[in-house]
Amino acid sequence: MRSLLFLLRKEFKQIFRNKSILAMIIGMPIIQLLIMPLAADFEIKNIKISIVDHDRSVYSKNLIDKVIASGYFQLNDYSTSFEQSFQQFEANNSDLVLEIPQHFERDLVKLQEGSLLLAVNAINGTNASVGSAYLSNIIGQYNQELRKQGLSASIAMPATIEVATLNWFNPYLNYPFFMVPGILVSLVTMVGIYMCALNIVKEKEVGTIEQINVTPIKKHHFILGKLIPFWVIGVFVFSLGLLGVARVAYGIIPVGSMPLLYSYLAIFLIAILGIGLLISTYSQTQQQAMSLAFFVIMVFILLSGLFTPIDSMPEWAKVIANLNPLTYFIEVMRMIVLKGSGFAQIKSHFLAMIAFAIFFNGWAIINYKKTS
Amino acid sequence: MLAVTLDKIIKVYDKGHLAVDEVSFSVKQGELFGLIGPDGAGKTSIFRILTTLLLPDGGKASVMGFDVEDDFKKIRETVGYMPGKFSLYPDLSVEENLTFFATLFNTTLAENYDLIKDIYVQIEPFKDRRAGKLSGGMKQKLALCCALIHRPTVLFLDEPTTGVDTVSRKEFWEMLKRLKTQGITILVSTPYMDEATLCERIALIQDGKILSIDEPQNIIAQYPDPLYAIKSERMSELLKHLRKHPEIKSCFAFGEYHHISFKKDDEAVHKSLLQSLETKGHKQLDFKTMEPSIEDCFIRLMN
């Protein structure tokens with residue numbers, strides 16, 4: 001016990017002497033949480049649109065006004081030939097072309113139908129799909145309004161179904177509310193895996209581990225002496241992010257129970273530090289550890305449901321996502337922070353995380369041999 | 001009692017490279033024993049096996065009666081090890097490093113202060129300096145203090161004088177002699193042949209095999225032929241000519257001179273050699289008898 005205390009004291013001394021690690025512990029969560037949620041915003045605005053209007057009628061004018069007034073689109077050019085707009089397309093100046101044919105108004109009034117051409121620049125997949133969806137929606141609304149006004153009284157009104165959407169738990173679809181808890185999880189992961197792995201590998205690289213190994217110190221004391229400091233740092237970074245940045249900058253106040261959230265964090269950190277320990281057992285140099293940790297963190301973050309919903313992933317990716325501790329913690333974060341879920345709702349998440357913690361640490365300890 | 005014994009120790013690294021090839025020797029308690037050999041001879045592997053950092057692939061070894069495989073925990077409590085590469089925490093101060101290692105051995109700096117006092121007083125003025133910022137000689141002294149802090153019964157020093165200046169090397173050997181008087185068994189490895197005579201007994205090692213184990217004086221006394229040194233203006237040509245000469249038994253470059261021995265050793269042969277060299281255009285020939293050194297013995301055993 002006494003030697004563990006001394007190991008811990010030595011570890012903290014070293015950490016607090018390393019200016020760049022201190023800067024990382026304090027600076028990284030603040031800066032990343034301030035920048036990332038605002039930049040990584042999926043709500044797409046400022047889609048540039050080119051409009052080709054062959055009709056130049058009141059109806060076509062109304063439609064264009066409606067599109068621009070929606071706030072999502074920015075009029076790039078307004079022309080009378082598709083070729084001209086297509087050039088804008090090719091120059092990557094516009095994302096969408098809406099072509100209104102000649103006699104649009106006449107056909108609508110007389111034949112009760114009109115057609116529009118929508119061309120999408122699919123270079124940027126998200127912009128293309130989201131933009132065309134917005135535009136179709138606006139055109140649909142416009143269509144409905146025309147029907148309500150009763151274009152021609154002689155024609156009977158077909159029944160229309162109106163859909164009203166209500167956003168639960170995040171009524172204004174405030175994007176940071178959704179992203180900040182998730183990004184906080186990825187931050188804690190990075191701090192945990194990188195610091196833990198690099199610290200242990202550094203002892204190998206400098207050769208100090210040899211000195212430690214010829215002392216009678218116990219294996220588990222050495223490992224605990226490495227894990228506990230980074231566990232504490234992980235809790236600190238998380239608290240700084242949640243109680244500091246998320247509250248002050250975004251006004252996010254967790255709805256659910258804090259003790260529940262922190263107990264989950266405690267288990268999550270054990271699992272994550274186990275991964276860091278595992279990486280360190282497979283690396284001889286800090287460079288190797290860094291590359292390996294980078295790869296693992298990259299896969300974990302991209303397949304965690306942080307940026308893209310897991311439900312829309314292919315089956316094989318879903319399997320990976322389900323084997324990813326981040327997936328569970330991000331879900332738990334969103335459930336507790338936004339929804340106020342209780343223990344009953346996240347019981348299975350707890351079990352999964354305990355399994356991860358046992359699995360990764362067990363593997364790492366088997367692989368970590370004091371005598372080679 | 002024997003402090004260290006090795007019985008046919010084998011260590012094979014990847015690709016079948018035999019780093020330690022059936023090495024057997026023993027070290028008496030309180031002895032200053034030297035393992036002498038060039039880089040890559042297997043010195044560090046032997047040290048790592050004895051300090052329980054590496055498992056042997058064959059053979060038996062023990063330190064203070066404890067087996068290196070079965071009783072490794074006991075060995076770790078009793079030995080001191082100073083690796084060839086400086087491996088203390090560079091971001092901790094001199095004093096913090098010492099205190100830290102003392103604690104790991106469940107002891108304190110004060111408890112064994114008398115043992116390290118002579119060495120520690122030299123670095124004490126810098127005790128608040130980070131270990132990484134010390135000079136090479138200071139680092140070495142600190143490493144020795146850390147290896148001694150728990151009063152080990154056997155001290156393993158892996159190439160302690162490699163990369164250290166001549167004055168510090170001399171000082172270091174003085175320190176070892178003083179430690180020996182405290183009854184500590186010391187195993188030291190070195191690639192410097194001139195340090196061999198400072199040990200009580202030495203083992204010459206090459207390519208994982210022991211060439212000879214004895215007191216340095218005995219090894220030198222066993223050198224079979226009278227040895228001569230020769231030099232001229234053009235040393236590289238001289239070496240070629242000497243090697244072609246039918247009467248020469250062995251010839252190798254040795255610093256300023258070439259060391260040679262003859263197949264049949266008498267005045268007439270010496271004269272005929274010098275004459276034949278002069279006819280080949282060597283001027284200012286200097287020829288003299290030579291006491292063999294450990295290095296001469298090593299080179300002879302190597303071939």
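Here are three worked exercises on a predicted model with chains A and B.

**Exercise 1. The sheet in chain A**

Work out the strand order of the open sheet in chain A, and explain why two of its strands have one side without a neighbour.

*Solution.*
- Step 1: Start with the order. The sheet has 4 strands, arranged 2-1-3-4, and their pairing is mixed.
- Step 2: Go to the edges. Strand 2 (73-79) and strand 4 (117-120) of chain A each have a single partner strand, so one side of each lacks a neighbour in the sheet.
- Step 3: Add the twist. On average, neighbouring strands of this sheet are turned by 20° against each other, direction ignored.
- Step 4: Now take one pair. Strand 1 (residues 47-53) and strand 3 (residues 96-100) of chain A run in the parallel sense, paired over 5 bridges. To find one of these in your viewer, look for A:Val52, whose bridge partner in strand 3 is A:Glu99.

**Exercise 2. Where chain A meets chain B**

Describe the interface between chain A and chain B, and find which helix of chain A gives the most residues to it.

*Solution.*
- Step 1: Begin with the contacts: 24 residues of chain A touch 29 residues of chain B.
- Step 2: Turn to area. The two chains bury about 2,600 Å² between them, with 58% of it on carbon and sulfur atoms. On the chain A side, A:Arg17, A:Gln211 and A:Val214 supply 25% of the buried area, more than any other three residues.
- Step 3: Count the polar links. There are 3 salt bridges between the chains, and 10 residue pairs are in polar contact. One salt bridge joins A:Arg17 to B:Glu96, with the closest N and O atoms 2.7 Å apart.
- Step 4: Assign the helices. Helix 1 (2-17), helix 7 (175-206) and helix 8 (208-213) of chain A each supply at least two residues to this side. Helix 1 gives the most, with 7 residues.

**Exercise 3. Two domains in chain B**

Characterise the contact between domain 1 and domain 2 of chain B.

*Solution.*
- Step 1: Set the bounds. The domain assignment gives domain 1 (2-213) and domain 2 (227-302), and their C-alpha centres lie 39 Å apart.
- Step 2: Look at the contact itself. Here 12 residues of domain 1 meet 5 residues of domain 2, and about 670 Å² is buried between the domains, 90% of it on carbon and sulfur atoms. In domain 1, B:Met193, B:Leu204 and B:Leu211 lose the most area, together 66% of what that side buries.
- Step 3: Check for polar links. The count is 0 salt bridges and 0 residue pairs in polar contact.
- Step 4: Place the contact on the strands. Strand 9 (201-206) and strand 10 (209-214) of chain B each supply at least two residues to the domain 1 side, and strand 9 has the largest share, 4 residues.

Key: Residues are numbered from 1 along each chain as its sequence is written. Chains are lettered from A and ligands numbered from 1 in the order in which they are written. This is a predicted model: local features need pLDDT of at least 70, side-chain atom pairs count only at pLDDT 80 or more; totals for chains, interfaces and linings use all residues. Side-chain values use heavy atoms; hydrogens and water are left out. Two strands pair if DSSP finds at least two bridges between them. Axes are lines fitted to C-alpha atoms, for helices over the stretch in contact, and angles run from 0 to 180 degrees between N-to-C directions. Contact means heavy atoms within 4.5 Å. Buried area is the accessible area (1.4 Å probe) that two parts lose on being put together, summed over both. A salt bridge is a side-chain nitrogen of Lys or Arg within 4 Å of a carboxyl oxygen of Asp or Glu. A polar contact is a pair of N or O atoms within 3.5 Å; within protein, one must be able to donate a hydrogen and the other to accept it, and residues adjacent in sequence count only if both atoms are side-chain atoms. Domain bounds come from an automatic or database domain assignment.
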